[in-house]
Amino acid sequence: MIEPVALSTLTTFQIGGPPVARVAPVTEHDLINETLVVWGMAENWLLLGGGSNTVVADDGFDGIVIHVVTRGIEVLRSETTSEADAVTGPTGGVRLRVQAGEPWDDLVAYSVDRGWSGIEALSGIPGSCGAAPVQNIGAYGQELADSLVAIDFLSYETGEVERLEHADLGLGYRTSALKQGLRGVVLAIELKLHDTAAEASVLGSALGQPLKYAQLAGALGVQLGDRVPLQIVRATVLGLRADKGMVLDPSDPDTFSAGSFFTNPIVTEAFARSLPADAPRWPLAAEPADRVIPLEEYTGVGPVPGEEPVRMVKLSAAWLIEHAGVSRGFRLPGSRAAVSSKHTLALTNTGGATAEEVAELARYVLGRVQAEFGVNLQPEPVLVGLTL
Ligand SMILES: Cc1cc2nc3c(=O)[nH]c(=O)nc-3n(C[C@H](O)[C@H](O)[C@H](O)COP(=O)(O)OP(=O)(O)OC[C@H]3O[C@@H](n4cnc5c(N)ncnc54)[C@H](O)[C@@H]3O)c2cc1C
């Protein structure tokens, strides 16, 4: 059934222009059928889950919104660890198939409650499971790619349901083939988590995966690589996120946002050396250099001659923004959009902001960082009809 709805009520930024036509089928079967009908009748269509990574222009969206609200978690297979495995680490696995409209954090809570580890550090991320692969959600040392096996996908290209394996999805830092233009609907995601039930029976509590994020380890008072009970990891992550306005909390205006508005830039190590010594940086795996090889140098067999890997580093967008002179809570004169009062990476709607006010603030931040450090920040949310 097609019905009109204001996108401001479906997006966490609470912005969205005039009402648009929406379908919101509640079963996977209906989601497939209604999507095919929409694809047959409308040139413009927009998929929306929790609306927590989408900013819609003030003109709204001229087309039909397919709102993904299907629910359900199915346990496909569970292999419990042996007690011998239990003392050396979690080797048992549990496979889950989760409907795309299931709220992501409900899945994390469900898994943690059952002693299944692998996504506990992703606690508190808003939005739907179907959107989680789109930007390969990540936080506090874990990302979806660590646990994702495959997705069931209704392809716009073929109109067929396909199973796309992890390797087909081009998952990277806040990106995927879906974000890069592969069009269609994620119907369900399949995850493999670690089943720590046997381990818990020996150790007394279900432990999370080894910690990979220094701030989280510090908050827990343990070392990187240590393992901590799942429930404690979840509660600590939720606390850290709340302090930064990064959980949805209707009583906290800083959460009327799309979370981080900019991704952490990835630059060459050589470029990073031009930045102030105290600019945070994290080395990434070296990539092969991008260069043209004369034919006579390469036989087509074995490694490319003279190929020097390029070392890349990830920078902190929050640090660059702050050190470009944009402080927490900053807003342009008369604007209702503001930098979060807790975290410079998030832009927020302080009440009644327009998409253009958010875009103006984003352009200002981009300009300051470019002028100060020569770095072009990239927006993280999906911008619908909006250019920066
Ligand atoms: C307070 C806050 C904190 C956040 N913290 C984090 C964080 O720590 N880490 C992180 O990675 N992200 C974070 N985010 C961003 C956001 O929560 C995630 O990107 C989330 O996965 C978006 O889910 P959604 O359902 O709300 O997506 P939407 O905004 O509804 O959609 C996002 C994109 O996915 C597409 N899409 C939605 N559903 C489907 C589907 N079923 N099939 C195909 N495409 C689909 C949409 O068309 C759109 O292009 C945060 C956001 C907020 C508001």
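A polar contact, as the term is used in these legends, is a pair of N or O atoms within 3.5 Å, of which, within protein, one must be able to donate a hydrogen and the other to accept it. The structure shown in every view is a predicted model.

**View 1. The residues annotated as "active site", brought together from separate parts of the sequence.** The UniProt annotation "active site", which comes from an unreviewed entry, covers R174, S260 and E380. Although these residues are spread over 207 residues of sequence, they cluster in space, with a largest C-alpha distance of 11.0 Å. Contacts link the group through E380, since R174 is in contact with E380 when neighbours within four places in sequence are left aside, and S260 is in contact with E380 on the same terms.

**View 2. R174 and its surroundings.** R174 is placed in the loop between β12 (161-165) and β13 (184-195). Its relative accessibility is 13%, and because buried means under 20% relative accessible area, R174 counts as buried. The side chain of R174 reaches the backbone oxygen of N136 at 3.4 Å, a separation that falls within the 3.5 Å limit for a polar contact. Apart from neighbours within four places in sequence, the contacts of R174 include Q135, N136, I137 and G138, together with E143, K179 and T263. The backbone of R174 also deserves attention, as its phi is near 50 degrees, a positive value in a residue other than glycine. Most residues other than glycine have a negative phi.

**View 3. N136, the backbone partner of R174.** N136 is located in the loop between β8 (116-117) and β9, and its backbone oxygen is the atom that the side chain of R174 reaches at 3.4 Å. With a relative accessible area of 0%, N136 is buried. N136 has a positive phi of about 45 degrees although it is not a glycine, and R174, with which it is in contact, likewise has a positive phi, near 50 degrees.

**View 4. S260 in its strand.** S260 is found in strand β14, which comprises residues 257-260. Its relative accessible area is 15%, so that S260 is buried. Leaving aside neighbours within four places in sequence, S260 is in contact with M246, L345, E380 and P381.

**View 5. The ligand and the shell of residues around it.** The ligand is surrounded by 35 residues, of which the closest are L47, G49, S52, T54 and S128. A polar side-chain atom of Q135 lies 2.8 Å from an oxygen atom of the ligand, while a backbone N or O atom of G138 lies 2.9 Å from a nitrogen atom of the ligand. A nitrogen atom of the ligand is also 2.7 Å from an N or O atom in the side chain of R241. Of the 980 Å² of accessible area that the ligand has on its own, the protein covers 94%. The elements that give two or more residues to this shell are β3 (45-48), β9 (138-139), β13 and β14. By character, the residues of the shell divide into 16 nonpolar, 16 polar and three charged. Q135 and G138 also appear among the contacts of R174.

**View 6. S176, in the loop between β12 and β13.** S176 lies in the loop between β12 and β13, which is also the place of R174. At 2% relative accessibility, S176 counts as buried. A polar atom of the side chain of S176 lies 3.2 Å from the backbone oxygen of P133. Not counting residues up to four places away in sequence, S176 touches P133, V134, L169, G170 and L171.

**View 7. E28 and its side-chain partners.** E28 is found in helix α1, residues 28-41. A polar contact of 2.9 Å joins the side chains of E28 and R97, and the side chain of E28 makes a further polar contact, of 2.8 Å, with the side chain of Q99. Beyond R97 and Q99, E28 touches T70 and L187, with residues up to four places away in sequence not counted. By contrast, E28 and V55 are 27 residues apart in sequence and 26 Å apart in space, C-alpha to C-alpha.

**View 8. T196, between β13 and α4.** T196 is placed in the loop between β13 and α4 (197-203). T196 is buried, with a relative accessible area of 0%. The side chain of T196 reaches the backbone oxygen of G115 at 2.4 Å.

Note on methods. Residues are numbered from 1 along each chain as its sequence is written. This is a predicted model: local features need pLDDT of at least 70, side-chain atom pairs count only at pLDDT 80 or more; totals for chains, interfaces and linings use all residues. Side-chain values use heavy atoms; hydrogens and water are left out. UniProt positions are given in the numbering used here, feature names are shortened, and annotations may be inferred rather than shown by experiment. Helices (H or I, at least four residues) and strands (E, at least two) are DSSP runs, numbered from the N terminus. Buried means under 20% relative accessible area, exposed over 50%, partly exposed in between (1.4 Å probe, protein chains only). Contact means heavy atoms within 4.5 Å. A residue is near a molecule or strand if one of its heavy atoms lies within 4 Å of it. Accessible areas come from the Shrake-Rupley method with a 1.4 Å probe; for residues, only the protein chains shown count as cover. Ala, Val, Leu, Ile, Met, Phe, Trp, Tyr, Cys and Pro count as nonpolar, Asp, Glu, Lys and Arg as charged, and the others, Gly among them, as polar.
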